[in-house]
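Q: Please take a close look at a single part of the structure shown here, and set it within the chain as a whole. A connected account would be preferred to a list.

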Amino acid sequence: MTAEVPTPDRLTIDLGTETGPFHGGASGTLYGLYGDGVPSRVVVEGMYPRTVTTKAQDGVQHPGGDALEILPPFVAAGGKDVYVYLPDFYRGFPYEWPGATGEERLAGHLDVIRRQVEHVLTLGELRSHVVYVPFNEPEGNMFGEGEWSYDGVSWRIRPDHYFGAWEAAYRLIKDLDPGARIAGPNTCVLYPEVRDFLEFAKSRDVLPDIVTWHELSSPAEVRTNTAKYRALERELGIGPLPVNINEYAHNYHVSVPGQMIQWIAAIEESKVDADLAYWNIAGNLNDSAVEANKANGQWWLYNAYGQLTGNTVRVVAPHPNVQYTLQGVATLDRGKRQARALFGGAGGAADLVFEHVDEEVFGSVVHVRLVEIPWTGQVGASEQPLRLRDEELPVVEGMVTVGLTGLDAMSACQVILSPGGNGAKSLPPAVRWRGTYEAEDATYTGGGYTKNGPEGSPSAVDRFATSGGYHVGGLRTGSDGVLAFDVEVPQDGTYELLVFANSHNLADLVREQGPTNVFLRVDGEDPRELRLPLGYKWAVWGHTDTRVRLTAGRHRITLAAQDPELGVTQGDAVVDKLDLVLRGEDETALYDAEFADLGGGARVSHAHRGASGPGVAVLPRGGTVTFWAHAADDGEASVTLDVLGPGEGVLSVNGEEIGRVERGAVPLFLAGGVNKITVTGASDRLIVDRLRIAPSRGLLPTSVYAAEEGVLTGTARVVGHSCAHGGKAVEGVGAGPANALSLTVTADRAGRHALTVRYSNGEQPPSTHYNPDPVCRHADISVNGGPAHRVLFPTTFHFNNFWTLAVPVTLRPGPNTVTFTSDRLPDLVGGTEDTYGRRSAYAPVIDQVTVTPLAQGEGPA
């Protein structure tokens with residue numbers, strides 16, 4: 001008897017049915033920005049958010065995210081609108097608005113609104129980017145049934161008080177600023193009673209300028225409710241009004257590309273804006289950004305989504321509008337002669353079928369580039385998407401079929417179709433082999449073992465996504481546990497080993513020590529100590545990476561709480577999985593210009609035989625091509641821009657102009673994480689083929705300075721930290737300029753340098769609800785007594801957990817004095833009262849500072 005082979009799912013991309021211009025609305029964020037620099041402007045810009053929703057200026061709901069402080073950098077990074085949650089001026093959820101009666105509470109809230117509008121009126125042109133949200137989830141908050149409601153009666157039962165409050169708030173805002181935009185009703189779902197709200201608002205001429213509600217439901221509900229709302233508009237004779245679903249997706253979904261592509265597809269199909277829900281910490285683009293400048297897998301998905309151009313096309317899923325199945329979104333750009341499809345959500349095999357492939361656009365042969373965007377955890381940094389296939393396929397009766405196997409349900413993928421037949425050499429896969437080994441399937445010996453889970457799932461969307469659904473505990477202080485993974489690899493080589501793990505920063509055994517240390521051995525040999533990632537809760541996954549030399553065949557890799565040569569574990573960790581990766585022999589990362597972000601009249605051409613890919617970017621004078629490139633760490637990289645012909649251009653990295661485009665490799669400082677590398681045409685025609693980034697050749701002079709060797713004044717002092725270099729670091733910088741750290745650093749030449757600060761920040765005041773609310777500290781950094789540059793440092797989850805942050809500064813030749821100070825930042829109106837610990841008075845703990853030129857030669861001052 002022959003077993004039946006299941007028929008692969010079929011995802012159809014109909015290039016003959018266009019559904020409107022690409023909108024890009026799904027990349028919005030709720031509390032995703034803490035302040036300027038957290039996350040970095042490069043990380044914000046590369047996610048292409050159109051909208052951000054955040055708290056009223058100087059509100060006490062959460063630390064950071066003050067509307068008028070994030071507004072200028074958000075707009076500078078390409079953002080469109082800042083939605084101001086006016087009730088988030090208050091503490092608590094439900095909102096603790098003061099007053100003995102409903103009338104008193106509403107009067108106080110209207111006074112808050114008045115002051116917020118008066119603040120905005122001082123912003124000049126920037127005020128056009130503000131959208132006011134007078135009430136948030138009114139049915140469960142200000143006009144619900146709880147202790148803090150207006151009168152203890154839900155507006156869905158008796159709407160008079162809410163409707164009156166809406167009208168009062170609306171007229172107050174419009175009287176102060178007739179051009180203001182107001183959004184509502186901002187309910188937690190699209191209740192049937194929203195119809196009553198719209199009827200009232202129409203009758204009183206107080207309709208919202210933008211209609212908002214939340215979809216903490218499913219992608220299916222996005223499509224269904226948007227269609228339902230549009231039908232309601234037609235029935236009532238209003239609009240069509242812009243829509244922002246300003247909270248979407250569950251905790252189980254965020255950070256997971258295979259889950260989020262399902263939401264993106266529904267939102268893009270509905271042509272609305274939407275903001276990712278805020279379940280965890282502020283300032284990381286809703287579990288997309290890691291540290292200040294790094295990206296996880298979800299960020300790379302939104303980066304790919306934001307670079308879609310042209311018109312969206314019809315996508316037919318194998319299970320239309322059903323969550324946790326294969327879904328996708330696709331575009332056709334006839335000018336670029338490109339079709340792009342983003343898809344994911346199911347594992348196993350599938351056929352991706354492009355229909356109505358126009359030979360006038362693509363020819364009879366297409367070039368296919370397939371990349372994978374894997375899940376790397378909430379706090380696990382990710383490199384650029386992995387190239388899986390690069391090949392040419394024939395167009396048969398207007399169709400191209402890309403057969404896919406080994407899909408991972410937690411990953412998203414992208415396929416780009418371009419004209420083929422131009423002699424482009426197919427590139428090998430980015431990795432030669434990968435293997436995943438679940439901790440729950442490993443062998444544990446010793447005491448203290450726990451198998452934890454199941455974690456997040458379709459039936460438990462409030463929990464965190466976890467590979468395999470389970471994880472293992474036992475490696476903790478006092479344990480003799482050993483977790484053993486039996487692996488088998490196909491060939492001799494040096495393998496990357498990624499341990500996906502987590503320690504809760506406030507757990508009893510972690511609170512004092514910080515990162516949990518464990519001990520790795522391969523076949524009982526080559527002992528090494530690993531420090532596992534910290535997170536803001538249990539089951540918040542990151543990864544600790546190392547490299548191991550393996551021969552073809554079977555091996556046993558162990559993680560232990562004790563090692564006879566190295567010591568014992570301090571802390572408490574859980575382990576999710578272990579990944580092994582064998583890369584190609586060439587470690588150079590490739591970025592093709594025809595797939596990059598083009599501006600200023602730059603265009604894609606497929607007429608240049610011998611180019612590395614199917615095409616090139618042709619830049620006129622002032623035209624640009626922008627690459628979003630990954631670097632594992634802060635430091636030098638060998639960067640080559642391959643150009644064809646004699647054209648000239650100017651190169652910039654992260655907004656810093658480096659100089660003219662050189663032929664051949666040049667050493668450049670790249671920030672750890674995401675780098676925005678832009679080429680601007682300086683001649684009438686510059687043909688850019690690709691960008692190549694290779695490891696450092698050690699050409700940029702680099703100097704390291706220990707903080708404890710600097711000049712300390714006031715309360716600044718040297719303290720012991722076991723994870724600091726040399727076991728010492730400097731704390732107590734802040735609470736006024738008298739408490740400072742000064743370092744004398746030496747530069748070989750004048751110009752722009754990277755000041756890479758190794759620091760820690762574990763400040764975290766008590767929260768009122770499920771958001772942990774860590775605080776970003778800041779330092780005012782001055783060079784040679786010049787004006788101070790304010791730099792935000794995101795949480796590292798513990799004062800004994802050190803990260804790095806690169807800050808560009810201008811140095812003169814020879815010795816330079818770099819001074820760190822800090823003080824509590826005032827509210828917008830100038831006060832400094834901070835009852836709830838929202839604004840720290842201190843700089844982070846500083847371990848060391850590394851100085852590196854941004855480029856060779858004398859840089860721009």
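A: In the protein chain, the C-alpha centres of domain 1 and domain 2 are separated by 45 Å. The domain bounds, which come from an automatic or database domain assignment, place domain 1 at 50-248, domain 2 at 434-583, domain 3 at 584-699 and domain 4 at 703-853. The model is predicted, so local features need pLDDT of at least 70 and side-chain atom pairs count only at pLDDT 80 or more, while totals for chains, interfaces and linings use all residues. Residues are numbered from 1 along each chain as its sequence is written, and side-chain values use heavy atoms, with hydrogens and water left out.

The part chosen for the close look is Tyr31, in the loop between β2 (28-30) and α1 (41-47). Helices and strands here are DSSP runs numbered from the N terminus (helices: H or I, at least four residues; strands: E, at least two). Tyr31 is buried because its relative accessible area is 2%; buried means under 20%, exposed over 50% and partly exposed in between, with a 1.4 Å probe and protein chains only. When neighbours within four places in sequence are left aside, Tyr31 is in contact with Thr53, Thr54, Lys55, Gln61, His62, Gly64, Asp88, Tyr278, Ala282 and Gly283, where contact means heavy atoms within 4.5 Å. From Tyr31 to Ala67 the C-alpha to C-alpha distance is 9.7 Å, with their positions 36 residues apart in sequence.

Other loops of the chain can be set beside this one. Asn286 occupies the loop between β9 (273-276) and β10 (289-290). Although Asn286 is not a glycine, its phi is positive, at about 55 degrees. With a relative accessible area of 5%, Asn286 is buried. Glu397, in the loop between β17 (386-394) and β18 (400-407), is likewise not a glycine and has a positive phi of about 50 degrees. Glu397, however, is exposed, with a relative accessible area of 78%.

Cis peptide bonds also occur in loops. One runs from Phe93 to Pro94, with omega near 10 degrees, and Pro94 lies in the loop between β4 (81-85) and α3 (102-120). Another joins Gly453 and Pro454, with omega about 0 degrees; Pro454 belongs to the loop between β22 (450-452) and β23 (471-476).

Gly610 sits in the loop between β36 (603-605) and β37 (616-619) and is exposed, at a relative accessible area of 62%. Its C-alpha atom is 8.1 Å from that of Lys425, although the two residues are 185 apart along the chain.

These details belong to a chain with 9 helices and 55 strands. Its radius of gyration of 27 Å agrees with the value near 29 Å for a compact globule of 861 residues; the radius is taken over C-alpha atoms, and the globule rule is 2.2 Å times the number of residues to the power 0.38. The C-alpha trace spans about 75 × 75 × 65 Å along its principal axes. Of the 861 residues, 61% are buried. Among contacts between residues at least 6 apart in sequence, 78% join residues at least 24 apart.
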